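Visitor: I would like to go through this structure with you. I will keep asking how each label is earned.

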Amino acid sequence: MARCFDWLPVRFLIENNQMRIGLASSIIMTVVLSSSLMLAVPSAEGQEPGYRAPRTTDGHPDLSGIWQAISSAHWDIEVHAAAPGLVRELGAAAAIPPGLGVVDGGEIPYRPEALEQKRHNFANRLALDPEIKCYLPGVPRSTYMPFPFQIIQSKEYVMLVHEYAGAVRTIYMNEHTEAPADSWMGWSNGHWEGETLVVDSTGFNDKTWFDRAGNFHSSALHVIERFTPRSADTLTYEVTIEDPDVFTRPWSMSMPLYRRVEPNAELLEFRCVEFVEDLIYGDLSKQPD
Amino acid sequence: MNHRFPNSLRPLVILMTCGWLMPLSVGAQAPNDTSADNVYTPPRTPFGQPDLQGFWTNATYTPLERPDDVTQAFYTPEELAERLARAAARESAQTVLGTTADVHYDFTQFGLDRSQSTFAEDLRTSLIVDPPNGRIPPMTAEGKRRNAEREAARGGRWDSAQDNQLDDRCIIMRGSGPPMMNTSYNSNYQIVQMPGYLMILVEMIHDVRIIPLDGRPQPHSRLRQWMGTSRGRWEGDTLVVETTNFNGKNPFWGSSENMRVIERFTRVAEDSIRYTFTVEDESTWVRPWTGELQMKATQGPLFEHACHEGNYGLYNTLVGARLEEQRAAEEAKRVEQD
């Protein structure tokens with residue numbers, strides 16, 4: 001399968017000293033931050049001590065409801081300061097809000113040539129970010145986009161239904177099979193580990209990103225997600241990313257998800273295709289005589 | 001003979017046709033026969049609702065309106081078999097190489113034509129069951145005027161992306177509804193239930209309907225959506241779903257944004273849901289009308305239908321249209337010079 005950065009010259013920063021220093025310091029930071037995180041988090045499961053979620057009729061933790069992340073991870077999953085936006089006319093309204101990052105250890109362990117691709121993506125994000133074209137967001141980006149999603153839970157299936165673009169994931173709880181083909185939202189098998197829903201996903205294409213900052217993956221992506229109830233209205237969401245074609249080692253991110261507690265909360269339509277037709281096809285319209 | 005089945009396989013085709021008919025006796029489609037419905041009690045979910053869960057298809061060749069040459073409401077099994085065989089032959093006809101038709105899908109490949117998948121046929125001569133003549137009721141003057149204006153406002157079909165049809169634009173398809181009508185292929189649905197909600201995943205464009213069953217009111221009338229907003233309730237073993245708040249941009253046979261759709265899902269057999277829909281829209285038709293489709297159990301899972309993401313068709317259509325215009329302009333110039 002073709003990797004999306006195959007064409008890049010592989011000479012890149014391997015021998016670049018600055019890069020070495022950057023990598024070394026990021027490794028140190030990873031060690032320091034992850035050990036401090038382990039101290040800060042009440043348990044490895046990320047739940048409040050003693051919290052036990054209500055049960056469904058089949059006895060599993062009930063994760064159903066409408067959830068949403070509150071962070072600037074959809075802008076950039078790595079730590080980042082506020083920055084101007086790309087559309088001059090939108091001024092402060094489309095400027096990038098700051099964020100402490102959701103990546104454990106602070107930085108993503110890119111392979112050197114992949115880091116180059118990430119930088120290229122960032123520099124050209126207005127043209128390349130699949131979200132701008134209303135494409136399916138992929139995983140885990142779908143979870144922390146600034147839109148709610150609903151968990152519909154039965155014994156056999158956990159459905160993750162997203163307001164953004166009507167993206168939907170089926171998590172197969174009983175019949176675990178291999179992905180039949182590559183897709184945008186991947187192929188997900190799930191199981192329960194105590195209070196935690198563990199979702200193992202493969203079968204991704206290489207066309208989705210992790211955020212608006214150009215963080216990306218290849219079709220070798222393997223995502224393991226853990227959804228753990230931490231209180232009645234919050235979940236801890238932990239993700240491990242494996243993609244040896246892009247990263248030097250597996251890495252992880254974590255964040256809380258919040259229940260939309262409005263009594264009338266429901267997913268509405270964000271059917272964005274019509275919003276991007278001028279952008280994608282406008283140049284091909286018939287010109288007035 | 002452009003039928004896709006070689007002669008040696010024709011007996012098989014006939015057998016398959018008979019296979020489609022067998023569920024009819026179970027699906028209770030014989031005239032005036034509702035006894036089968038009364039006998040069957042649908043299974044219950046662990047939380048006590050009638051269980052509609054599973055994978056279903058409403059693929060059918062039955063037309064919405066009764067054909068002009070048909071007067072009765074039901075075919076005999078023999079008449080239906082003949083109609084189905086003809087429909088299957090028509091749909092699976094091979095395209096002629098080098099023609100426009102050949103450029104699009106070959107429906108006989110990839111199981112895209114209906115006769116190759118699970119089939120939800122019954123003996124009805126039309127999906128419309130009311131009015132009894134099987135036809136859409138007459139349109140009001142207001143409805144006619146609105147549809148004429150809509151037509152006049154539209155540009156040439158290939159002038160821009162927005163002038164193309166909604167399904168070619170990957171915005172919405174007929175299977176999403178409501179009412180959920182059969183599409184030419186992928187007429188597949190998955191239903192998942194939990195306390196308080198019933199979810200229908202529509203294969204086409206991965207549209208999802210999440211229907212609250214908790215008695216909540218419809219949202220404010222200013223909220224308008226392509227698929228409207230749906231509220232459901234159980235009436236005995238029947239799920240009743242009422243949908244309003246349409247945006248009117250996907251008219252159903254000329255409907256306005258004021259359309260109200262009432263759908264009823266009743267599991268009438270292990271492998272069948274009877275689906276009826278009633279559409280009311282005083283500003284469009286002189287009376288409400290009702291249709292009925294069968295949803296037959298089919299094999300899952302549903303795969304991702306990333307329509308917009310892979311929409312080369314729309315792109316190529318527009319490029320082609322502009323090229324043709326350019327050629328025509330060059331040709332006109334050449335003729336002028338001659």
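Visitor: What is the bridge partner of T234(A) in β9(A)?
Guide: Y258(A) is the partner of T234(A). This is a predicted model, so every statement here is about that prediction.

Visitor: What makes β8(A) and β9(A) a pair?
Guide: The cut-off is at least two bridges between the strands. β8 (residues 234-242) of chain A and β9(A) are joined by eight, and they run antiparallel. Eight meets that cut-off, so the two strands pair.

Visitor: How do you know that β1(A) also pairs with β9(A)?
Guide: By the bridge count again. Three bridges link β1 (residues 65-69) of chain A to β9 (residues 251-259) of chain A. At least two are needed, so β1(A) and β9(A) pair. These strands run antiparallel as well.

Visitor: Which residue of β9(A) stands opposite W67(A)?
Guide: R259(A) does.

Visitor: How many helices and strands does chain A have, and what pattern do they follow?
Guide: Chain A has four helices and nine strands. Along the sequence the pattern reads α-β-α-α-β-β-β-β-β-β-β-β-α. Chain B has seven helices and 10 strands.

Visitor: Let us turn to α4(A). Which of its residues are buried?
Guide: They are V273(A), E277(A) and Y281(A). Each is called buried because 20 or more other C-beta atoms lie within 10 Å of its own.

Visitor: Why do you say that they line one face of the helix?
Guide: Seen down the axis of α4(A), the buried residues fall within an arc of 65°, so they line one face. An α-helix has 3.6 residues a turn, so residues three or four places apart point the same way.

Visitor: What lies on the other side of α4(A)?
Guide: F275(A) and L279(A) are there, and both are exposed. The cut-off for that word is 12 or fewer C-beta atoms within 10 Å.

Visitor: What covers the buried residues of α4(A)?
Guide: The cover includes α7 (312-337) of chain B.

Visitor: Which elements of chain A supply at least two residues each to the side that touches chain B?
Guide: First, the totals. The contact takes 33 residues from chain A and 37 residues from chain B. On the chain A side, β2 (149-153), β3 (157-162), β4 (168-172) and α4 (273-281) each supply at least two. α4(A) gives the most, with four residues.

Visitor: How do the residues on that side of chain A divide into nonpolar, polar and charged?
Guide: There are 16 nonpolar, 10 polar and seven charged.

Visitor: Why is C134(A) called buried?
Guide: C134(A) has 22 other C-beta atoms within 10 Å. The cut-off is 20 or more, so C134(A) is buried. C134(A) is found in the loop between α3 and β2 of chain A.

Visitor: What is notable about phi of C134(A)?
Guide: Phi is near 65°, a positive value in a residue other than glycine. Most residues other than glycine have a negative phi, and most peptide bonds are trans.

Visitor: Why does H206(B) count as buried?
Guide: H206(B) has 24 C-beta neighbours inside 10 Å. With 20 or more required, H206(B) therefore counts as buried. Phi of H206(B) is near 40°, again positive in a residue other than glycine. H206(B) sits in the loop between β4 (197-202) and β5 (207-212) of chain B.

Visitor: Where are the cis peptide bonds of V139(A) and G177(B)?
Guide: One joins V139(A) and P140(A), with omega about 5°. P140(A) lies in the loop between α3 (125-128) and β2 of chain A. Another runs from G177(B) to P178(B), with omega near -10°. P178(B) is in the loop between α6 (141-153) and β3 (188-194) of chain B.

Visitor: Where does pLDDT stay under 50 in chain A and in chain B?
Guide: In chain A, over residues 1-45. In chain B, over residues 1-36. The mean pLDDT of chain A is 87, and chain B averages 86. For the complex, the predictor gives an ipTM of 0.85 and a pTM of 0.85.

Technical notes. Residues numbered from 1 in each chain as written. Chains lettered and ligands numbered in written order. Predicted model: local features only at pLDDT ≥ 70, side-chain atom pairs only at ≥ 80, totals over all residues. Contact = placed C-beta atoms within 7 Å. Nonpolar A, V, L, I, M, F, W, Y, C, P; charged D, E, K, R; others polar. pLDDT = per-residue confidence, 0-100. Arc of directions from axis to C-beta.
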